[in-house]
Amino acid sequence: MNVDHLNQLLLEFSVILLVAVVAVRISTRSGLPSLLIYLGIGVALGQNGIGITFNNAELTQVLGYAALVVILAEGGLKTSWREVRPAMPAATVLATLGVGISVFVTAAGAHWLVGLDWRTSLLLGAIVSSTDAAAVFSVLRMVPLPHRLTGLLEAESGFNDAPVVILVVAFATAGELDPWYVLVGTIAAELAIGAAVGLAVGKLGAFGIKHVALPSSGLYPIAVLALTVLAYAGGALLHGSGFLAVYISALVLGNAKLPHGPAVRGFADGLAWIGQIGMFVLLGLLCTPATMGSSVVPALVIGAVLVFVARPLSVVLTLTPFRLPGREQALLSWAGLRGAVPIVLATIPMVSGAPMAQNVFNIVFILVVVFTLLQGPTLPLVARRLRIGEGSMGQDLGIESAPLEKLHGHLLSVALAPNSRMSGVEIGELRLPAGAAVTLVVREGSSFVPDKTTVLRGGDELLVVTTDEVGEAAERRLRAVDKGGKLADWLNGRGA
């Protein structure tokens, strides 16, 4: 590597990133998860395209793991604990017992319908049984779902990677398989260690960041991301689930109201996009379409079993005790999109030298592409046909807080949802505590300084300045008016 090589690489990487950024716009309009376009870029650059030769499965696996750490961290930082908390028991059961059901049913289909041996069938079942948060929510952001469903899908996507990774490593390792009860015990132990590490790092990290004033706002995102990576590494080195540790630590940190929260989430969002783009381009480079012809039919058969039998069965068996309506179970069954995780996991048997490893990778690659094309664009239609999302609750009031250390105050950025009950309320009717004031209103791209008679509208953004003493009280009052209108908490005094 010299400077000339570096210049060439920088040129190529910048062009790929710019094409990928444009692809996000295309995917938003079409309803297709952008992962398909990123994979296409990799394939176009590969041996059957421009001609770049890349067959390093081990490097792809390592970089894929690193990208997944960042993606899970970003998902945890942006997940609202208030939304996922009610769905946590159901999501935990679906991400563990549901994964087991999906693995076995899919493996049975691969064995009896395709003729694969049981070891390879179980390996395939484990690889494709994990849903992908990025793929799911790139489509679901267009569908207004009830909070309990979005919370359940978010939590499931964050949790089910951990048990699946353990199963894939077990099935891909040479030698006799451990008895089922040993596998279950191993999964339980690794999940417990990962959860404990993630919770500890998240709690201690949040306490430290709140009580240590850093000299630059740009250091806060770096510190938070470093903590999530620390959780992953600590969990993995303690023989626990690093993926669960990073997600839980990020979930704790993201809901701890840390200083410069928007900057932290923006930084994580950018890194996650880079991780997704780089990972999918590498995976596209690793595949060779000319050798995949014999894997098409097995991929379609196994994918049909997964999507139409295994996923619905796992949802019904695990979520019926939680009394979810049948319509919601049907949507959850169809919303189990596959994406980055299965294809990255398909590199594990290639690295370990497992039999039929290349065939497994080809089947997984085709399965993910075909069934993402099938499920992604049709998911909004399925939600409408099931009448889910119609009349559902709107978005919660978005409040971001940034400290004004020298002024001993806080600046609250408040985003009103279109159907917020704060719409139609005058500034004076908010009855904010003394020491808090609305200083700016942003409406339809224009900003102005309001007075007490200014009437708020849905979609407005407010800047509220508060002293340290009344910051939390002001936030509670704003949320109360958002939920209950201007008469909220009238009997309790000034917005208590």
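**From the core to the surface**

Setting aside neighbours within four places in sequence, Ile127 is in contact with Val168, Pro342, Leu345, Ala346, Pro349, Val360 and Val364. This is a predicted model. Ile127 belongs to the largest nonpolar core, which has 123 residues. Together with Leu152 and Val364, Ile127 touches the most other members of that core. Val364 thus appears twice: as a contact of Ile127, and beside Ile127 among the three core residues that touch the most other members. Another core lies apart from this one. That second core has 18 residues, including Leu416, Met422, Val441 and Val470.

Next, helix H18. This helix covers residues 357–385, and Thr372 lies in it. Is Thr372 buried or exposed? Thr372 counts as buried, because its relative accessibility is 1%, and buried means under 20%. The side chain of Thr372 has a polar partner in the backbone: one of its polar atoms lies 2.6 Å from the backbone oxygen of Val368.

Now the surface. Leu17, Leu219, Ile222, Phe267, Leu271 and Ile274 make a nonpolar patch of about 470 Å². Which elements give two or more residues to the patch? They are helix H11, residues 219–237, and helix H13, residues 261–286. H13 supplies the largest share, with three residues.

Leu219 is one of the patch residues, and its place is in helix H11. Leu219 has a relative accessibility of 36%, so it counts as partly exposed. Fully exposed would require over 50%.

Methods: Residues numbered from 1 in each chain as written. Predicted model: local features only at pLDDT ≥ 70, side-chain atom pairs only at ≥ 80, totals over all residues. Heavy atoms only, no water. Core = buried A, V, L, I, M, F, W, Y, C linked by side-chain atoms within 4.5 Å. Buried < 20%, exposed > 50% of the residue type's maximum accessible area, 1.4 Å probe, protein only. Contact = heavy atoms within 4.5 Å. Helix = DSSP H or I, 4+ residues; strand = E, 2+ residues; numbered from the N terminus. Polar contact = N/O pair within 3.5 Å; in protein donor to acceptor, adjacent residues only side chain to side chain. Patch = residues over 30% accessible without salt bridge, like charges linked within 9 Å, V, L, I, M, F, W, Y side chains within 5 Å. Areas by Shrake-Rupley, 256 points an atom, 1.4 Å probe, with all protein chains shown as cover. Salt bridge = Lys/Arg side-chain N within 4 Å of Asp/Glu carboxyl O.
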